[in-house]
Amino acid sequence: MTDKPFLYVVVCAAGVAADVSKLITAAQERDWEVGVIATPTAMNGFFDTAAVETGTGRPIRSAWRRPEDPRPFPAPDAVVVAPATFNTVNKWAAGIADTLAVGTLCEASGLGVPIAVLPCVADALAAHPAYQDSVSRLRGMGVRFADPYAGEGERGGERGEFGWERALDLLRHD
């Protein structure tokens, strides 16, 4: 048992998820205990699951536990969704809890747990009215969003940095 605050990191299926260990390390350096919850698709090769489990010292959760199974993580003190995809943001805002990741976000929102989101959404999808409505709805619930990251070539064709630590900065504004 630790006295450190517990951070849930929800990982969605986007290419930048390969670097989620950067967020985990930064959170640990800021004195957080970390547990990772991934969408089922993210578990299919979007990040190094073994490295993440080694880094957190905990299994990654991606499926519902059975009622008789113990809770593998303590209740969260905060949640970071990074990278957050178009699909996850829209399902979350609509209350469609069809995966553990989205169900956890719906529950944390309802409990008033601080949540920071680093969207990784293509510009064309970010312009979609459903996405804009979802972001507006979630912001109205107190969810904090960083600027979207399209993941496309910027500045001479190079990708900009995803900015993992931005999520932790957003959480400090309690």
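Strand S1, which spans residues 6-11, is joined to strand S2 by 6 bridges, and the two strands run parallel. The model described here is a predicted one. One of the pairs between these strands can be located by residue: tyrosine 8 has glycine 35 of S2 as its bridge partner.

The pairing of S1 and S2 belongs to a wider arrangement. An open sheet is built from 5 strands with parallel pairing, and their order is S2-S1-S3-S4-S5. At its edges stand S2, residues 33-38, and S5, residues 144-145, each of which pairs on one side only.

Although S2 is an edge strand, 6 of its 6 residues are buried, so the strand is largely enclosed by the rest of the structure. Both of its faces are covered. Glu33, Gly35 and Ile37 are buried on one side, while Val34, Val36 and Ala38 are buried on the other. Glycine 35, the partner of tyrosine 8, therefore belongs to a strand that is largely enclosed, because 6 of the 6 residues of S2 are buried.

Helix H1 comes next. In this helix, residues 20-29, the buried positions are Val20, Leu23, Ile24, Ala26 and Ala27. They lie on the same side of H1, because the arc that they cover around the axis is only 165°. The general geometry is helpful here: an α-helix has 3.6 residues a turn, so residues three or four places apart point the same way. The cover over the buried residues of H1 includes S1 and S2, together with helix H2 (49-56), strand S3 (78-84) and helix H7 (165-171).

After H1 comes aspartate 31, in the loop between H1 and S2. Its phi is positive, about 75°, although the residue is not a glycine. With a relative accessible area of 41%, aspartate 31 is partly exposed, whereas the residues of S2 are buried.

Strand S3 has a backbone feature of its own. Proline 83 lies in this strand, and a cis peptide bond with an omega of about -10° joins alanine 82 to proline 83.

Helix H3, residues 86-94, contains lysine 91. Is this lysine buried or exposed? Its relative accessible area is 15%, and because buried means under 20%, lysine 91 counts as buried. Leaving aside neighbours within four places in sequence, lysine 91 is in contact with Ile96, Asp98, Thr99 and Val102.

The last feature is the largest pocket, which holds about 360 Å³ of space. It is lined by 16 residues, and those closest to its centre are Tyr8, Arg61, Arg71, Thr104 and Glu107. Tyrosine 8 is also the residue whose bridge partner in S2 is glycine 35. Helix H4, residues 100-111, supplies the largest share of the lining, with 6 residues. By character, the lining of the largest pocket comprises 10 nonpolar, 2 polar and 4 charged residues.

Note on methods: Residues are numbered from 1 along each chain as its sequence is written. This is a predicted model: local features need pLDDT of at least 70, side-chain atom pairs count only at pLDDT 80 or more; totals for chains, interfaces and linings use all residues. Side-chain values use heavy atoms; hydrogens and water are left out. Two strands pair if DSSP finds at least two bridges between them. Helices (H or I, at least four residues) and strands (E, at least two) are DSSP runs, numbered from the N terminus. Buried means under 20% relative accessible area, exposed over 50%, partly exposed in between (1.4 Å probe, protein chains only). The arc is that of the directions from the helix axis to the C-beta atoms. Contact means heavy atoms within 4.5 Å. On a 1 Å grid over the protein atoms alone, a cavity is a set of points where a 1.4 Å probe fits but cannot get out, and a pocket is an open set with protein on both sides within 12 Å along at least five of seven lines; lining residues have an atom within 4 Å of a point. Grid points are joined across faces, edges and corners, and a volume is the space filled by probe spheres set on the points. Ala, Val, Leu, Ile, Met, Phe, Trp, Tyr, Cys and Pro count as nonpolar, Asp, Glu, Lys and Arg as charged, and the others, Gly among them, as polar.
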